[in-house]
There are 2 protein chains.
Amino acid sequence: MPSSKPPAGESAPPAAPATPEPPEAPELIWLRPERTGRGPKPAHSRASIAAAAIAIADAEGLDAVSMRRVAAALGAGTMSLYNYVPKKEHLLDLMLDAATAEYDFPATPATPADDCREGLYRLAHQQLAIMRRHPWLPALVIARPGIGPNALRYTDHFLAVTAPTRLDGTTRMEALALLNGFVCQYAQYERTAAAGAKWQGELVGYLTRAAMSGDYPHLAAAFATAGPPADPDTAFDRALHRVVTAILAPAQSG
Amino acid sequence: MPSSKPPAGESAPPAAPATPEPPEAPELIWLRPERTGRGPKPAHSRASIAAAAIAIADAEGLDAVSMRRVAAALGAGTMSLYNYVPKKEHLLDLMLDAATAEYDFPATPATPADDCREGLYRLAHQQLAIMRRHPWLPALVIARPGIGPNALRYTDHFLAVTAPTRLDGTTRMEALALLNGFVCQYAQYERTAAAGAKWQGELVGYLTRAAMSGDYPHLAAAFATAGPPADPDTAFDRALHRVVTAILAPAQSG
DNA sequence: CCCTCTCTAGGTACATCGTACGTAGAAGTG
DNA sequence: CACTTCTACGTACGATGTACCTAGAGAGGG
């Protein structure tokens, strides 16, 4: 328990017993008010901090996002950041939610009919576009549930789109997780494929050697019958079609 | 290029030009031989190193796995580890592959018929079991493609199981990614849910407040009609059923 | 009005991390 | 035997997250 302890070497504290209960600031950053309205005006805002962090992550990757770096980008002292963001995790939460704000949801969910499928396609494509813009995003989404206000907007939109189906709320939530997870995985795959392009030569050599070793017969067979690598977008669409079909299927049949 | 350079302040090197080409050790650790057969016998092995790292990760989480920590667990000096593992990333590769070795593949892929579905269920359940044993695994699997020898075994087995379907190799590879990604996501979800149990009170409060705010009508409706939380295993099975159905569907129809 | 309390900005300091580099010695090869 | 090539390990550096402290700004109560 690293809570603030009094000097603890002096005499007994006068009246109030040491820590009468630190108001127990919530762990969830969305439960902390951005401003409490006393003292001097803060020089920055959560929004500007998130924007600065996102700019760094877009340009140099998530590893380049350090408290020092973000603070410097804002022209602030390193430790001043901690007035806005109690831990680095919360900085990541802010980034995640700020990126989620980039979704553009149509006001009316298309038509009441089963354009549901089309709505899910559009949603997934938008998500992929956002994640291509911010290659660090999938890792964050996967790592933490992150229920910021914009994630709630996303959830609400998804529920609206899937309302025409007669699936119950729980099932639709599972469907959301399924679709969300799929797009993240795909974006993440694209990312590592792009980053590992330099070692691709090594990898190909390793794989062909493995295939020829005879230890992996089915792998070798698949290699032999493999066609040319597909265009990323069509590969995505094909897999997306499968996932959406799985989502819209009535319910467990067997 | 941090290769070994000669003192470089002396007179010109006699005959060989400074660095004639460092043999360019491969980045992929699986392409480096474990032993080259000269010098003293190494006191450790990749297997023992991976085992030590896994023990630490199982007990204290992936963050507790540091080079110093693993070396200490082996009774070795910190820097000695770098004789076996050129970078920490490669340590993670070793851990990943060692965990993948825990799969137990049946020698004969059941029957030639469409027990394919059953085979995929078994595979997914085994994967979930492994990931529950090693809560740090999903994060690793998601982060890097990691094509160690045991991952190849897994791939080969998957291809064997899905052989009865008349899907081509590329499609079955996509199916593998789909199933693999799904199980990882689910395991990761379970993990964060378990870790965040302490803040669950906060989270529930936040969500109900959001639902009541009127800004998320569909979310509120879903909340209202939500049943009791399902048993994790049945929830997994339900979602798995959808995913496997999506995988086994013939091919893009529309 | 001033006093006081609360907030902000910022600096210093520490533990811990990955790892570059160099030295000492052991085990094979000629 | 000498020589080469490996292993083991200590030291040291730059970077990280963040605990803690000092000043000072500005609103509220007397």
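The following exercises, with worked solutions, concern a predicted model.

**Exercise 1.** Determine which elements of chain B supply the side that touches chain A, and how its residues divide by class.

*Solution.* Begin with the extent of the interface: 51 residues of chain B are in contact with 51 residues of chain A. Next, assign the chain B side to its helices. At least two residues each come from H6 (149–161), H7 (169–195), H8 (200–212), H9 (217–224) and H10 (232–248) of chain B. Among these, H7(B) provides the largest share, 13 residues. Finally, sort this side of chain B by class: 29 residues are nonpolar, 13 are polar and 9 are charged.

**Exercise 2.** Establish what relation holds between chains A and B.

*Solution.* First, superpose the copies: a turn of 180° with a shift of 0.0 Å along the axis lays chain B on chain A with an RMSD of 0.1 Å. This is therefore the relation of a two-fold axis. Then locate the axis within chain B, where the C-alpha of Ala246(B) is the nearest to it, at 2.6 Å. Lastly, compare the contact surfaces: 100% of the interface residues of chain B are also interface residues in chain A, so the copies meet through the same surface.

**Exercise 3.** Describe the surface near DNA strand D by its nearest residues and its classes.

*Solution.* Start with the 25 residues around DNA strand D, of which Ser66(A), Gly39(B), Ala43(B), Gly77(B) and Met79(B) come nearest. Then identify the leading element: helix H2 (residues 67–74) of chain A gives the most to this surface, with 3 residues. The division by class completes the description, with 9 nonpolar, 10 polar and 6 charged residues.

Note on methods:
Residues numbered from 1 in each chain as written. Chains lettered and ligands numbered in written order. Predicted model: local features only at pLDDT ≥ 70, side-chain atom pairs only at ≥ 80, totals over all residues. Contact = placed C-beta atoms within 7 Å. Helix = DSSP H or I, 4+ residues; strand = E, 2+ residues; numbered from the N terminus. Nonpolar A, V, L, I, M, F, W, Y, C, P; charged D, E, K, R; others polar. Least-squares fit on C-alpha atoms with pLDDT ≥ 70 in both. Near = placed C-beta within 6 Å.
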